[in-house]
Amino acid sequence: MTIELNSPLDMHLHLRDKEMLSVVAPLTSHSFAGALIMPNLIPPVDTKEALLAYRDRILDATQGDIFKPYMTLFFRDSYDYDFLKNFGNELTAIKLYPAGITTNSESGVSGFDIKKLAPTLEAMSELGLPLCIHGETNGFVMDREAEFVPIYTKLATAFPKLKIMMEHITTKESVDALDKHENLYATITLHHLLITLDDVAGGMLRPHLFCKPIAKRPIDREALLNVALNAHPKVMFGSDSAPHPKHAKESCGCAAGVFTAPLALAKLTEIFMERSSVANLQKFVSDNAREIYGITPPVKKVVLEDTPMNVPLNYGEVVPMYAGESISWSIKTIEK
Ligand code: DOR
Ligand code: ZN
């Protein structure tokens, strides 16, 4: 049996830089037609020169694959209308991190004073530039995302023309917020459809499943599965595939991030097949994102078949999710 996907998109991806970029970029560009690229480099991508140079390094690393990097800028409350307008089509969205909440986010937003953020958010609304948010407070780790929902509500109400993407949602509370505000959307990762906190820390600690936001309860995973499998029109796939070298994961002070890029499409197909929802996969991995972002990705036809994929133990220094295990679907052909 085969399944065909047209121009799959990953709307939340970390590609890093230098050697890591050269290892991981082809693992996405091989099978995806495009991806929304996160700006949390050191230093963060916050100027036009940095953004264009990073885009070019990504294109170099993708070795001629048909692949569109949709670029994002690291949110600063100093950005104004003219500064943002000057990016033209090169800028797809702006990513806002609360300060210190995750990898390389130290210079993010502290305090969430909406008045302070307003000029930049108004400029974004006028330009039709979406705002992607890592929505966590610095409260108790299991409650951080739910505690952020009132901030999403405030932002969505204060800036009704601004498209707000709740990134990598992990809770029922975030899922419920989707239908309460017209301008709220969400990305969902592969790993949050699969694991709960039990998988991370319920037995032996599994560092390769440790990420931000941390995986939550079974009831939360069910809520995520429900909207993903039904391809709710306001949710889209964003892997948050976040590579770290093995030594940074298997160490005292484990870096946050799950690396799923090379197996994402195979595993998503397996999940959607097992739950008799494969007719909705095209929407979840491409059509919803095209509609929400108003983008037209390059044409790329990916055919998957029910032949197992054996996941390698590592890609360079990076250990993927399901390392050494097998997934019941694999990519058969890719046509450009
Ligand atoms: O687990 C995560 N890793 N969550 C994030 O928000 C950032 C990411 C990274 O850049 O490593
Ligand atoms: Zn991320």
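Two strands are said to pair if DSSP finds at least two bridges between them. In this predicted model, strand S3, residues 34-37, and strand S4, residues 68-74, pair in the parallel sense over four bridges. Within that pairing, Gly 34 stands opposite Lys 68 in S4.

Let me place these two strands in their sheet. Eight strands form an open sheet in the order S2-S3-S4-S5-S6-S7-S8-S9, with parallel pairing. S2 and S9 are the edge strands, each pairing on one side only. From one strand to the next, the twist averages 25 degrees.

I turn now to the metal site. Which protein residues serve as donors to the zinc ion, ligand 2? They are His 12 and His 14, each through NE2, and Asp 240 through OD, at 2.0 to 2.1 Å from the ion. Along the chain, the donors follow the spacing H-x1-H-x225-D. His 12 lies in strand S2, residues 9-13, and Asp 240 in the loop between S9 and helix H10, residues 246-249, so this pair ties together parts that are 228 residues apart in sequence. Both His 12 and Asp 240 are buried.

Finally, helix H9. Its 12 residues, 218-229, should span 16 Å at 1.5 Å a residue, and this agrees with the 16 Å between its end C-alpha atoms. The buried residues of H9 include Asp 220, Leu 224 and Val 227. Against what do the buried residues of H9 pack? Their partners are the helices H6, H7, H11 and H12, together with strands S8 and S9. Just after H9, Ala 231 takes a positive phi of about 50 degrees.

Notes: Residues are numbered from 1 along each chain as its sequence is written. Chains are lettered from A and ligands numbered from 1 in the order in which they are written. This is a predicted model: local features need pLDDT of at least 70, side-chain atom pairs count only at pLDDT 80 or more; totals for chains, interfaces and linings use all residues. Side-chain values use heavy atoms; hydrogens and water are left out. The expected span of a helix is 1.5 Å times one less than its number of residues. Buried means under 20% relative accessible area, exposed over 50%, partly exposed in between (1.4 Å probe, protein chains only). Contact means heavy atoms within 4.5 Å. Donors are N, O and S atoms within 2.8 Å of the metal (3.2 Å for Na, K and Ca); water is not among the atoms, so sites may look incomplete. Axes are lines fitted to C-alpha atoms, for helices over the stretch in contact, and angles run from 0 to 180 degrees between N-to-C directions.
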